[in-house]
Amino acid sequence: MSKNNRKCYLCGKTYYYCPNCTNDYNKPTWMFMFESENCFKIFNALQLHYQKSLTDEEMLTIIDNSDISELETFTEIPKRQIKDLLSKRKNQVTEINETDTQKVKTVPKKSTRNKK
Ligand SMILES: [Zn+2]
């Protein structure tokens with residue numbers, strides 16, 4: 001059996017990847033840094049978000065569609081970034097709820113808002 005020789009940049013899990021070995025030769029290049037496509041996608045998106053190429057909302061959508069069930073074991077920087085975002089959303093949700101209760105009759109439809 002092969003030994004785990006790499007550590008995922010996002011979740012910190014160790015895994016095995018050997019770009020020069022026949023078994024792993026055809027595997028995607030992100031395997032240099034990440035043990036799963038899920039981690040790769042999240043990390044990639046976090047970088048785009050950090051560079052302001054993704055909005056908070058877009059980033060949260062990606063998080064929603066990804067697996068962050070093991071967030072607590074993620075490496076420090078991505079974990080902090082994700083947690084910051086999730087707490088921002090919590091604040092937003094509270095704000096929306098407050099306005100909703102104040103003017104229940106005129107709740108704007110979410111889907112028609114913020115369209116470019
Ligand atoms: Zn990972």
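Two residues are in contact if their C-beta atoms, placed from the backbone, lie within 7 Å. The exercises below apply to a predicted model.

**Exercise 1. Identify the residues that F40 touches beyond its sequence neighbours.**

Solution. Step one sets aside residues up to four places away in sequence; F40 then touches W30 and F34. Step two places F40 in the fold: F40 is one of the buried residues of α1. Step three turns to the largest nonpolar core, which has 10 residues, including F40 and F34.

**Exercise 2. Describe the order of secondary structure elements and the confidence assigned to them.**

Solution. The protein chain contains three helices and two strands. Read along the sequence, these elements follow the pattern β-β-α-α-α. The mean pLDDT of the chain is 86, and 78% of its residues reach 70 or more. Confidence is highest in helix α1 (residues 37-50), at a mean of 97, and lowest in helix α3 (residues 76-102), at 81.

**Exercise 3. Test whether the span of α1 agrees with the expected value.**

Solution. Helix α1 has 14 residues, and the rise used is 1.5 Å a residue. The expected span is 1.5 Å times one less than the number of residues, so α1 should span 20 Å. The end C-alpha atoms of α1 are 20 Å apart, which agrees with that expectation.

**Exercise 4. List the buried residues of α1 and relate them to the largest nonpolar core.**

Solution. The buried residues in α1 are C39, F40, I42, F43, L46 and H49. The core list includes C39, F40, I42, F43 and L46. Its other members are C8, L10, C11, F34 and F74. For the chain as a whole, buried residues make up 14% of the 116 residues.

**Exercise 5. Characterise K52 by its location, backbone and exposure.**

Solution. K52 follows α1 and is found in the loop between α1 and α2 (56-64). Its phi is positive, about 65 degrees, although K52 is not a glycine. A residue is exposed if 12 or fewer other C-beta atoms lie within 10 Å of its own. K52 has 7 such neighbours and therefore counts as exposed.

**Exercise 6. Determine which residues N4 contacts, and whether N4 is buried or exposed.**

Solution. N4 is found in the segment before β1 (6-7). Leaving aside neighbours within four places in sequence, N4 is in contact with T14, Y15 and Y16. N4 and Y15 are 11 residues apart along the chain, and their C-alpha atoms are separated by 4.5 Å. With 11 other C-beta atoms within 10 Å, N4 is exposed.

**Exercise 7. State where F32 lies and how far it is from K7 in space.**

Solution. F32 lies in the loop between β2 (14-15) and α1. F32 and K7 are 25 residues apart in sequence, and their C-alpha atoms are 9.1 Å apart in space. F32 is exposed, because it has 12 other C-beta atoms within 10 Å.

Conventions:
Residues are numbered from 1 along each chain as its sequence is written. This is a predicted model: local features need pLDDT of at least 70, side-chain atom pairs count only at pLDDT 80 or more; totals for chains, interfaces and linings use all residues. A nonpolar core is a set of buried Ala, Val, Leu, Ile, Met, Phe, Trp, Tyr and Cys residues joined through C-beta atoms within 7 Å. A residue is buried if 20 or more other C-beta atoms lie within 10 Å of its own, exposed if 12 or fewer, and partly exposed in between; C-beta atoms are placed from the backbone. pLDDT is the predictor's confidence in each residue, from 0 to 100. Helices (H or I, at least four residues) and strands (E, at least two) are DSSP runs, numbered from the N terminus.
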